[in-house]
Amino acid sequence: SYVGHCDEIRTPKQFFEALTKLKEHDENLKDKLEVSFYGDLADRDKVILIDNDLTEIVKVRKNVSYFESLDIMSNSNWLLLIDANLSIILDNNIFFAAKLADYLGSKTPIFGITMYNGPSADILRETNNIVSSFSVEEIYMNLRAILDGKIKGSNYNGEKYNAKKVAQDFDTMVENLIKDEK
């Protein structure tokens with residue numbers, strides 16, 4: 001499942017191209033894989049779905065409330081994270097996808113398509129989830145490995161990023177800064 005909005009910058013184009021390649025190599029793909037997109041999808045991406053006959057595999061769903069999205073995340077087999085590809089202007093992605101916090105809280109394996117350097121990639125690696133570049137070939141290889149059972153997904157329980165623990169760590173950091181000032 002992908003929960004959130006896609007746009008011209010955060011586009012699933014390469015993911016759809018990798019699915020097209022998978023479909024070319026596996027005529028029964030629609031029986032093995034369904035990807036649901038909850039939220040907005042740019043018109044050009046919808047055209048890619050239609051042009052490549054992916055509508056049996058990729059389901060574009062309506063927007064859902066935040067609480068519904070949490071339920072979807074917890075009940076999915078995998079979650080798809082698609083960051084903006086900013087490699088033309090940045091060496092490191094300096095942005096953190098807020099959705100990643102909810103994804104981690106769901107304890108569902110995450111397939112992240114992101115720049116190799118940045119907070120999302122670092123967190124995905126640390127939690128034993130998939131980090132893929134925007135390369136169609138790399139996305140394809142990771143999808144193939146998942147379908148072949150070679151990648152089972154993370155069983156990370158999210159304790160490091162639990163809100164209570166983060167708040168405690170932050171309080172400790174502030175207390176230490178205050179002590180250092182005295």
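This report describes the largest pocket, a small cavity and a nonpolar surface patch in a predicted model.

## Basis of the model

Residues are numbered from 1 along each chain as its sequence is written, and side-chain values use heavy atoms, with hydrogens and water left out. Because the model is predicted, local features need pLDDT of at least 70 and side-chain atom pairs count only at pLDDT 80 or more, while totals for chains, interfaces and linings use all residues.

## The largest pocket

The largest pocket (an open set of 1 Å grid points with protein on both sides within 12 Å along at least five of seven lines) has a volume of about 390 Å³. Its lining (residues with an atom within 4 Å of a point) comprises 16 residues, and Ser1, Leu33, Glu34, Asn77 and Trp78 lie nearest the centre.

At least two lining residues come from each of β2 (35–38), β4 (79–82) and α7 (136–147). The largest contribution is that of α7, with three residues.

## The second largest cavity

The structure holds two cavities of 30 Å³ or more, a cavity being a set of points where a 1.4 Å probe fits but cannot get out. The second largest encloses about 30 Å³. Among the residues that line this cavity are Thr11, Phe15, Ile82 and Phe134.

## The surface patch

Phe170, Met173 and Leu177 make a nonpolar surface patch of about 310 Å². Such a patch joins nonpolar side chains within 5 Å, from residues with over 30% relative accessible area (1.4 Å probe) and no salt bridge (Lys or Arg side-chain nitrogen within 4 Å of an Asp or Glu carboxyl oxygen).

Phe170 lies in helix α8 (residues 163–181). Phe170 counts as partly exposed because its relative accessibility is 48%, between the limits of 20% and 50%.

Technical notes:
Patches are made of residues with over 30% relative accessible area and no salt bridge: like charges are joined within 9 Å, nonpolar side chains (Val, Leu, Ile, Met, Phe, Trp, Tyr) within 5 Å. Helices (H or I, at least four residues) and strands (E, at least two) are DSSP runs, numbered from the N terminus. Buried means under 20% relative accessible area, exposed over 50%, partly exposed in between (1.4 Å probe, protein chains only). Grid points are joined across faces, edges and corners, and a volume is the space filled by probe spheres set on the points.
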